[in-house]
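Biologist: Before we look at this together, could you show me how each label is earned? I'd like to hold the values against the definitions.

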Amino acid sequence: MTGELDLEDRRALRRVAGLSTELTDVTEVEYRALRLERVVLVGVWTEGTAEAAENSLRELALLAETAGSQVLEGLVQRRSRPDPATYIGSGKAAELRDVVISTGADTVICDGELAPSQLRHLEETVQVKVIDRTALILDIFAQHAKSREGKAQVELAQLNYLLPRLRGWGGNLSRQVGGRAAGGVGIGGRGPGETKIELDRRRIRTRMAKLRRQIAEMSKARDTKRGERRRHQVPAVAIAGYTNAGKSSLLNRLTGAGVLVENALFATLDPTVRRAETPGGRAYTLADTVGFVRHLPHQLVEAFRSTLEEVTDAGLVLHVVDGSDPDPEAQIDAVREVLREIDADAIPEIIVINKADAADDLAIARLQRREPHSVVVSARTGFGIEELRAAIEADLPGLESELHALVPYERGDLVAQVHERGEVLKQEHVAEGTLLHARVPAVLASDLAQYETVSPTA
């Protein structure tokens, strides 16, 4: 594998142009010095093209800026796989140290999830703080969480990430007890006792258990609302997609919800559910969900599982993709990877290619060829919204058949299914059985066909 890589690429740290966000306006220098961390980005290019590797680092730069950093430099190292000790190799780690010194950076951000040992060894070499992509995304989520449930979910994800990365510091690891020093513990109390790091781990696990209980309690309210919508046979549509693809803007355009819209990554964390209607007047709910990103941390998927149930319980997914992005296909693949992880990949989806007003026509045409079941829109200008409404109406799951049926009493199971899966408009008990006027799904209509009557009085 290594032999296939270009020797020059492997020997060099490739600079990614155009990532520096240093300001030339001297009036802002003091503010920047006080408020923003100065960071150098570094990634390992193991597969794909150089353009894909640079796009990944540009996305990392956007994440870093969203977290409140000033990006000074971006470097990519060509390797067959990340170095198990220092991520980029000991020689390149020493070169990275020189870059850190020359730029005056105080933080290095790695484009991947680092093992605790990699984090420690790289930090020892570069002599500044090192964080990975996962920690950066968790930090952004922590800044943007507003609701009580959102804050609890983010804290749970952070603790889950922190637990294997706890470090002991010198003497703090020793907690000897025994004899008089132990306050009279005596026999059976002598020994190493509980080290400081073990105590920290125990406290973290206790806090995580408490957070899981709180999240389970808080999710009951949303479960109740979802149950009510199902009981009233209101179809559910979920908006999913890459972060900053325009999901909240689309929700506002379709429902007038007035949800926060911001040109920032992960601006919306808490799900918003609004009522909408198809052109034919059929009511449905539209839920805006948290955005996804490449390599979305597993801890976040687990912590936000109750929030992501808005997607798993939906009958249709509007998969929003940014048509103006340099690599929209990668966005689609990243979102579908998360949908598979939460068992929502079998739900029917409409690809919504957003930002048509800023996208290249050739890029949109390429996307439409790849995804035939797609609609091109601009949530900002309103272009294509009526076409999207029509597509939603056509794909909305629900009650295709309205019928009158006289169901014998021995087929009470069918009556129960009509109540559970359909909408009963009228019910009457007569001598021959249960007289129903209902709207039901097509599958259930075929089961009731043999009992169908011409009119309610037949």
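Modeller: Gladly! Helices (H or I, at least four residues) and strands (E, at least two) are DSSP runs, numbered from the N terminus. One such run, α12, is followed by D343, whose phi is positive, near 60°. This is a predicted model, so local features need pLDDT of at least 70 and side-chain atom pairs pLDDT 80 or more, while totals for chains, interfaces and linings use all residues. Residues are numbered from 1 along each chain as its sequence is written, and side-chain values use heavy atoms, without hydrogens and water.

Biologist: What makes the length of α12 agree with a helix?

Modeller: The expected span is 1.5 Å times one less than the number of residues. For the 14 residues of α12 that gives 20 Å, and the first and last C-alpha atoms are 20 Å apart. Helix α6 (residues 133-144) passes too: 16 Å is expected for its twelve residues and its end C-alpha atoms are 17 Å apart, which agrees.

Biologist: Why is α6 called mostly covered?

Modeller: Buried means under 20% relative accessible area, exposed over 50%, partly exposed in between (1.4 Å probe, protein chains only). Nine of the twelve residues of α6 meet the buried criterion, so the helix is mostly covered. Among them are R133, L138, F141 and H144.

Biologist: Which elements do those buried residues of α6 pack against?

Modeller: They pack against α3, β4 (107-110), β5 (129-132), α7 (148-162) and α10 (298-303). A contact here means heavy atoms within 4.5 Å.

Biologist: What makes a set of residues a nonpolar core?

Modeller: Its members are buried Ala, Val, Leu, Ile, Met, Phe, Trp, Tyr and Cys residues joined through side-chain atoms within 4.5 Å. The largest core here has 79 residues, and those touching the most other members are L41, L250, F292, L318, I350, L388 and I392. Helix α3 (residues 50-67) gives this core its largest share, seven residues. A second, separate core has 21 residues, including V40, V99, V108 and L114.

Biologist: How do you know that β7 and β8 are partners?

Modeller: Two strands pair if DSSP finds at least two bridges between them. Six bridges join β7 to β8 (residues 283-288), so the criterion is met, and the two run antiparallel. One of the facing pairs is T272 with D288 in β8.

Biologist: What makes the sheet with β7 an open one with edges?

Modeller: Its six strands follow the order β7-β8-β6-β9-β10-β11, with mixed pairing. β7 (272-277) and β11 (374-376) each have a single partner strand, so one side of each lacks a neighbour in the sheet. From one strand to the next, the twist averages 25°. Helix α12 (residues 328-341) packs on this sheet, touching β6 (236-241), β9 (316-322) and β10 (349-354). The directions of α12 and β9 make about 145°; axes are lines fitted to C-alpha atoms, for helices over the stretch in contact, and angles run from 0 to 180 degrees between N-to-C directions.

Biologist: How do you know that β12 and β14 pair?

Modeller: Seven bridges link β12 (residues 401-407) to β14 (residues 433-440) in the antiparallel sense, so they pass as well. L406 has L435 of β14 as its bridge partner.

Biologist: How do you know which stretches to treat with caution?

Modeller: pLDDT is the predictor's confidence in each residue, from 0 to 100. The chain mean is 79, and 79% of residues reach 70 or more. Residues 23-35, however, are below 50, and pLDDT stays under 50 over residues 170-186.
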